[in-house]
Amino acid sequence: MGLLNHPRTATATAALAAALALAAAAVPAAASGRPAPAPRLSASPTALPGCGSHTALHGTLRTLTEDDGLAGAAVEVTDPVCGRWNDATGTADLATGRPMNAQDRLRAGSVTKTFTATAVLQLAAEHRVDLDAPVARYLPGLIASNGYDGRKITVRRLLQHTSGLPDYLEGSEWEHPGRLRYRHFTPRELIARSLTLPAPGTRPGSGFHYATTNYLVAGLIVQEVTGRSAESEITRRIIRPLALRDTYWPGDDPRLRGPHSHSYHASDADTDADAVRTDGTDWNMTFGGVGGALVSSPADLERFFGALLDGRLLPSELMAQMRRTVAADADRLWPGARYGLGLISSPLPCGGVWWGHAGTVPGGHRALGAVGPGGRRVAVALNEVPATEEAEADFRAVVEAALCEGRPPHSASTAPPGPTSTAPAHATPTAPRIPAARTLTARIPHTAQESA
């Protein structure tokens, strides 16, 4: 799920094969019986300087559906000067042929992590949570087995994925996630499972290792401090005040409420040769919890990230800490990505960076929300996870086209308010490897496709 995000990738084939991100082959589009996607541009090109005609953006979407063979792709963009536009290509429901659009709901995967981090930081602003306090202060005994010690892991390290905890999604049972599709999970059950797994090779504070486990622990801290579930706190503090009407916690309901795109993935087969495309829309997302279960829409994600990066959800000093980043593993995210406190930064070819998060779920949805230089906001929705490194690069190209159109390459511009990305002296860049944003379902085979 960050993401909850991933399809089969080379790593996936070897160890996981899938996303919140990724290259064994998925089922070829030609073999799927999918109707050829009809491109649709739902916004009129604007003549305003610096706004672009959106033709390049439309082309990147068509690449995803026509060349990479994904079922559907949609994008929504809002610019302080240029206004709002959206575009979509491909199909939202293969059974009916209904076209993809940018208004449908989808599973947000690991984008959920930014909501959770924001709630924790709000509690820090209220002096109810100390980011540098050990987990054991709030949850004594929760992490105290197999060499893992909650007295050595701080809240900050949970949010930054530098806790040294393994991801429960790396357990062998998740090699075939479709078999767990309708099962209910609790956070404590999943955390306990993670503590039985081998250490990821990083000590607390010594390096980045993406693990949804971190966010389930953070959610329990929110519950301990407030007396309410983290889901209800996030609803009370963020979803309701921002009027995010498409954003909700599905709980144990495997269905999606309201208008939504269906999601597609390769069937949970033992071999690639046996895999076929299947509808993965219905899924019990309790396994993602506050690390990847949210349902949302492009408009809501865009609004949330806009409010966050505009400083409407956190005081400036906490926003600065959220944007203090460490180098991320390119195999877990993507080349150039850095991770803050529930927030990803990624460089843009036109200069500057975008700030946001991506997420993927086993059923096949992928979401991304981001804010670029000048305050332009973008949200992207896919209903099938890219299955190759090339397709992953094409997905990121949509984000870059949306945020860069109308701006010259390497133009000088300022990032959204806040400090530039910095990392502790011990953090060193990782060698770039192509696999894309693994969020919630990183380490889930492409058979179930799981951000950033």
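How many disulfides does the structure hold? The answer is one, and a good way to get to know this predicted model is to start from that bond and look at what lies on either side.

## The disulfide

The bond runs between Cys350 and Cys404, with an S to S distance of 2.0 Å. It ties together distant parts of the chain: Cys350 sits in the loop between strand S13 (344-347) and strand S14, while Cys404 belongs to helix H12, and the two are 54 residues apart.

Which hand does the bond have? The torsion about the S-S bond is about -75°, so this disulfide is left-handed.

Are its two ends buried or exposed? Buried means under 20% relative accessible area. Cys350 has 2% relative accessibility, so Cys350 counts as buried. Cys404 comes in at 10%, so Cys404 counts as buried too.

## Helix H12

Now follow the bond to the Cys404 side. Helix H12 covers residues 389-404, which makes 16 residues. Here's a quick check you can do yourself: at 1.5 Å a residue, H12 should span 22 Å, and its end C-alpha atoms are 22 Å apart, so the model agrees with the expected value.

Plenty of H12 is tucked away from the surface, if you go by its list of buried residues: Ala391, Glu392, Asp394, Phe395, Arg396, Val398, Val399, Ala401, Ala402, Leu403 and Cys404. An α-helix has 3.6 residues a turn, so residues three or four places apart point the same way.

What do the buried residues of H12 pack against? Their neighbours are helix H3 (55-67) and four strands: S2 (72-79), S14 (353-360), S15 (366-371) and S16 (377-382). After the helix comes Gly406, with a positive phi near 90°.

## The strands by Cys350

Back on the Cys350 side, S13 has a partner in S14: the two run antiparallel and are joined by four bridges. In this pairing, Ile344 stands opposite Gly356 of S14. The two strands make a hairpin with five residues between them, and Gly351 in the turn has a positive phi of about 105°.

S13 also pairs with strand S12 (residues 338-339), in the antiparallel sense and over two bridges. Ile344 turns up again here, as the bridge partner of Tyr339. So what sits between S12 and S13? Their hairpin has four residues between the strands, and Gly342 takes a positive phi near 75°.

Definitions and conventions: Residues are numbered from 1 along each chain as its sequence is written. This is a predicted model: local features need pLDDT of at least 70, side-chain atom pairs count only at pLDDT 80 or more; totals for chains, interfaces and linings use all residues. Side-chain values use heavy atoms; hydrogens and water are left out. The expected span of a helix is 1.5 Å times one less than its number of residues. Buried means under 20% relative accessible area, exposed over 50%, partly exposed in between (1.4 Å probe, protein chains only). Contact means heavy atoms within 4.5 Å. A disulfide is a pair of cysteine sulfur atoms within 2.5 Å. Two strands pair if DSSP finds at least two bridges between them.
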